[in-house]
Amino acid sequence: MPTPPHAIGFTLDPLDRVSEKRDDEAFVAGLRDDPSTRFLLFVNNVPLFKRADGGHDPLFGVQEIAPLGAPAQTVFLGRDADQRALFAHSFDAEPPALPDVEAVELRPIAMQGLVAPPMVSALGEARSMLDWHRRHRFCANCGQPTDSAGAGWRRICPSCKAQHFPRVDPVVIMLVTDGERCLLGRQPQFLPGMYSALAGFVEPGETFEHAVYREVLEEAGIRCTDVHYYASQPWPFPSSLMIGCFARAASVEIVIDKNELEDARWFTRKDVAAMLDGTHEQGLSAPKPFAIAHHLLKAFAAGELD
Ligand SMILES: [Zn+2]
């Protein structure tokens, strides 16, 4: 198996999460008040950036956030290599305006490389956690309002005592090959001409392998075998984990599920290489290096699976 590259987006978590100390309230409060501590700020899932120097700086100091008042939610994300703590704060409504601060969606920030990759990973972690809090304010067991606990890493129901933990939704994304060709599809919402590896949510009771077999059969009518894990990618929109796999085709005739895909085809190594570097003669393209699909395709085009 080829070695997964570090260029996959959201995979360079720069933090020691110090998860064993999350229930130590004095420890967490001490970090929150420490002058070296820094904060990521979000309004309705959109991060704020300081634009004073024309860049996108997501880190705010204790003094800078003082005028904002109490956030709707706080999560302790961890400590960086210099032992500086990083917290995420969210506000439900626009906080008092800060000079030279702009709200920019995380997706374009990440795709366009406007922030260094480790900080993109921390922003992704923060976005997933804050979105989970926003959507889990009430107990799934009894319907009563819940409280944040464990430095923002769980919610507790004061009424029925149920504990609720942040969820991660596993998604398999697989490149099926028959040796010289690979199977790619396109969803109607893709950019014109773009094709990618097939993907789908893992269902309860399934292994990753079973999810790969089922999704490929459902979406493209292809039977496959020999599933191999390649690499994974946190995808914070809102909180998926992409599980990248290769699989070998056991049949060749494609039957497209039009509810899922607009098109699916076999592509040669030459096609894929041209799609990756933007030189395909019909203008077809593949996902950018930020996405794990790009790396599955690249490994195939380079002959690394042989
Ligand atoms: Zn409850």
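Colleague: In what order do the 3 strands of the open sheet stand?
Modeller: This is a predicted model, so local features need pLDDT of at least 70, side-chain atom pairs count only at pLDDT 80 or more, and totals for chains, interfaces and linings use all residues. Residues are numbered from 1 along each chain as its sequence is written. Strands are DSSP runs (E, at least two residues), helices likewise (H or I, at least four), numbered from the N terminus, and two strands pair if DSSP finds at least two bridges between them. The pairing here is antiparallel, and the order is β7-β8-β9.

Colleague: Which strands stand at the edges of that sheet?
Modeller: Look for strands with a single partner. One side of each is then left without a neighbour in the sheet, so the edges are β7 (147-149) and β9 (163-164).

Colleague: In β8, which residue is the bridge partner of Ser-148?
Modeller: β7 and β8 (residues 154-156) pair in the antiparallel sense over 3 bridges. In β8, the partner of Ser-148 is Arg-155.

Colleague: How many residues lie between β1 and β2 in their hairpin?
Modeller: β1 (residues 38-43) and β2 (residues 46-50) pair in the antiparallel sense over 2 bridges. Phe-42 stands opposite Pro-47 in β2. In the turn, Asn-44 has a positive phi of about 50°. The number of residues between the two strands is 2.

Colleague: Which residue in β6 stands opposite Leu-48?
Modeller: β2 also pairs with β6 (residues 101-103), antiparallel, over 3 bridges. Opposite Leu-48 stands Ala-103.

Colleague: Which helix gives the most to the largest nonpolar core?
Modeller: A nonpolar core is a set of buried Ala, Val, Leu, Ile, Met, Phe, Trp, Tyr and Cys residues joined through C-beta atoms within 7 Å. This one has 74 residues; among those that touch the most other members are Ala-126, Met-174 and Val-176. With 8 residues, the top contributor is helix α4 (residues 117-135).

Colleague: From which domains does this core draw at least three residues each?
Modeller: Domain bounds come from an automatic or database domain assignment. The chain is divided into domain 1 (19-127), domain 2 (136-167) and domain 3 (169-301). The core draws at least three residues from each of domain 1 and domain 3.

Colleague: Which element gives the most to the side of domain 1 that touches domain 3?
Modeller: The centres of the two domains, taken over C-alpha atoms, are 34 Å apart. Their contact (C-beta atoms, placed from the backbone, within 7 Å) takes 6 residues from domain 1 and 5 residues from domain 3. α3 (106-111) and α4 each supply at least two residues of the domain 1 side. With 4 residues, the main supplier is α3.

Colleague: Is Ser-251 buried, partly exposed or exposed?
Modeller: Ser-251 is in the loop between β14 (240-249) and β15 (263-268). Leaving aside neighbours within four places in sequence, Ser-251 contacts Ile-222 and Arg-223. The classes count other C-beta atoms, placed from the backbone, within 10 Å: 20 or more is buried, 12 or fewer exposed, in between partly exposed. Ser-251 has 15 such neighbours, so Ser-251 counts as partly exposed.

Colleague: What distance separates the C-alpha atoms of Gly-54 and Glu-209?
Modeller: Gly-54 is in the loop between β2 and β3 (60-61). Gly-54 counts as exposed because it has 6 C-beta neighbours inside 10 Å. Glu-209 is 155 residues apart from Gly-54 along the chain, and the C-alpha separation is 46 Å.

Technical notes: Two residues are in contact if their C-beta atoms, placed from the backbone, lie within 7 Å.
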